[in-house]
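This briefing introduces a single protein chain to a reader who is new to structural description. Please look at the sequence and the structure shown here before turning to the points below.

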Amino acid sequence: EEKIYDIAYFGTLCNRPIVSKILKKLSSKYKIISYDSSYGTHLNPEKCFDIYKNSKLTISEQVDPVILELPVRLGEATANGCKTFILENVPINQESDYIPNYESCFSEQEMLDKVENYLSNFNLAESQKLHNDFCSTYDRAVSFLARI
């Protein structure tokens with residue numbers, strides 16, 4: 001089925017000024033749904049899943065990488081067929097089977113370019129592939145940690 005939103009954003013904006021600027025720049029051209037939790041706005045997981053399922057992509061800015069946060073930040077979107085674009089201030093090891101598929105960006109302009117390119121070439125088959133290929137679950141991460 002068709003996606004309702006082009007871009008979804010959940011999280012704080014007070015500590016992600018570049019994401020805030022990117023959302024503002026893209027808002028005149030694309031349909032964006034955004035929840036800024038800086039002011040106490042929180043959604044239940046089912047609502048987040050539904051929004052990701054109905055969104056083509058989500059963006060984020062990595063401000064303080066916590067490896068166990070990645071299944072949430074990346075996994076919820078990817079599991080629902082929503083591509084994640086991350087502005088990485090600290091690179092994430094993308095080669096791990098435990099980190100869901102995402103698009104890495106290292107500047108505001110790079111993220112703008114990649115998001116625009118993805119949206120202009122978006123097709124539902126790629127979204128379905130993200131969903132079908134998803135295997136970065138908490139169970140797999142816990143299993144990995146239990147073996148260490």
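The notes below move from the whole chain to one helix pair, then to aromatic rings and to individual residues.

The model is predicted. Its protein chain holds seven helices and five strands, and 42% of its 148 residues count as buried.

**The chain as a whole**

- Along the sequence, helices (α) and strands (β) follow the pattern β-α-β-α-β-α-α-β-β-α-α-α.
- Among contacts between residues at least 6 apart in sequence, 72% join residues at least 24 apart.

**The packing of helices α1 and α5**

- Helix α1 covers residues 17-26 and helix α5 covers residues 108-120; the two pack at an angle of about 40°, and their axes are 10 Å apart.
- That angle makes α1 oblique to α5, because an angle of about 40° is not under 35 degrees, the range that counts as roughly parallel, and does not reach the 65 to 115 degrees that count as roughly perpendicular.
- The crossing of the two helices is right-handed.
- On the α1 side the contact is made by I18, K21, I22, K25 and L26, while α5 contributes E108, M111, L112, V115 and E116.
- By type, the residues of this contact divide into six nonpolar and four charged, with no polar residue.

**E108, a residue of the helix contact**

- E108 is placed in helix α5.
- With a relative accessible area of 17%, E108 is buried, because buried means under 20%.
- Leaving aside residues up to four places away in sequence, E108 touches I18, K21, I22, K25 and L87.
- E108 and E61 are 47 residues apart along the chain, and their C-alpha atoms are separated by 10.0 Å.

**Aromatic rings**

- The count of aromatic pairs comes to four.
- The ring centres of F85 and Y118 are 5.5 Å apart and the ring planes stand at 70°, so this pair is edge-to-face, the term for planes over 60 degrees apart.
- This pair links distant parts of the chain: F85 belongs to strand β4 (residues 83-88) and Y118 to helix α5, with their positions 33 residues apart in sequence.
- Both F85 and Y118 are buried.
- Y118 also pairs with F122: their ring centres are 5.9 Å apart and their planes are at 65°, so this pair is edge-to-face as well.
- F122 is buried, as is Y118.
- Elsewhere, F10, Y35 and Y52 form one aromatic cluster.

**F85 and its surroundings**

- Where is F85 placed? F85 is in strand β4.
- Its relative accessibility is 2%, so F85 counts as buried.
- Apart from residues up to four places away in sequence, F85 touches L57, T58, I59, S60, E103, C105, M111, K114, V115 and Y118.
- Two of these residues, M111 and V115, also take part in the contact between α1 and α5.
- From C-alpha to C-alpha, F85 and V115 are 7.6 Å apart in space, although 30 residues separate them in sequence.

**Two further residues, S104 and D133**

- S104 is found in strand β5, which covers residues 103-105.
- S104 has 12% relative accessibility and therefore counts as buried.
- The C-alpha atoms of S104 and T84 are separated by 8.6 Å, and the two residues are 20 apart along the chain.
- D133 lies in helix α6, which covers residues 124-133.
- Is D133 buried, partly exposed or exposed? D133 is partly exposed, with a relative accessible area of 46%, because this value falls between the limits of 20% for buried and 50% for exposed.
- D133 and A79 are 54 residues apart in sequence, and the C-alpha to C-alpha distance between them is 8.4 Å.

How values were computed
Residues are numbered from 1 along each chain as its sequence is written. This is a predicted model: local features need pLDDT of at least 70, side-chain atom pairs count only at pLDDT 80 or more; totals for chains, interfaces and linings use all residues. Side-chain values use heavy atoms; hydrogens and water are left out. Axes are lines fitted to C-alpha atoms, for helices over the stretch in contact, and angles run from 0 to 180 degrees between N-to-C directions. Helices (H or I, at least four residues) and strands (E, at least two) are DSSP runs, numbered from the N terminus. Angles under 35 degrees count as roughly parallel, over 145 as roughly antiparallel, 65 to 115 as roughly perpendicular and the rest as oblique. A crossing is left-handed if the near helix is turned anticlockwise from the far one by less than a right angle, and right-handed if clockwise. Contact means heavy atoms within 4.5 Å. Ala, Val, Leu, Ile, Met, Phe, Trp, Tyr, Cys and Pro count as nonpolar, Asp, Glu, Lys and Arg as charged, and the others, Gly among them, as polar. Rings of Phe, Tyr and Trp (its six-membered ring) pair if their centres lie within 6.5 Å; planes under 30 degrees apart count as stacked, over 60 as edge-to-face and the rest as tilted. Buried means under 20% relative accessible area, exposed over 50%, partly exposed in between (1.4 Å probe, protein chains only).
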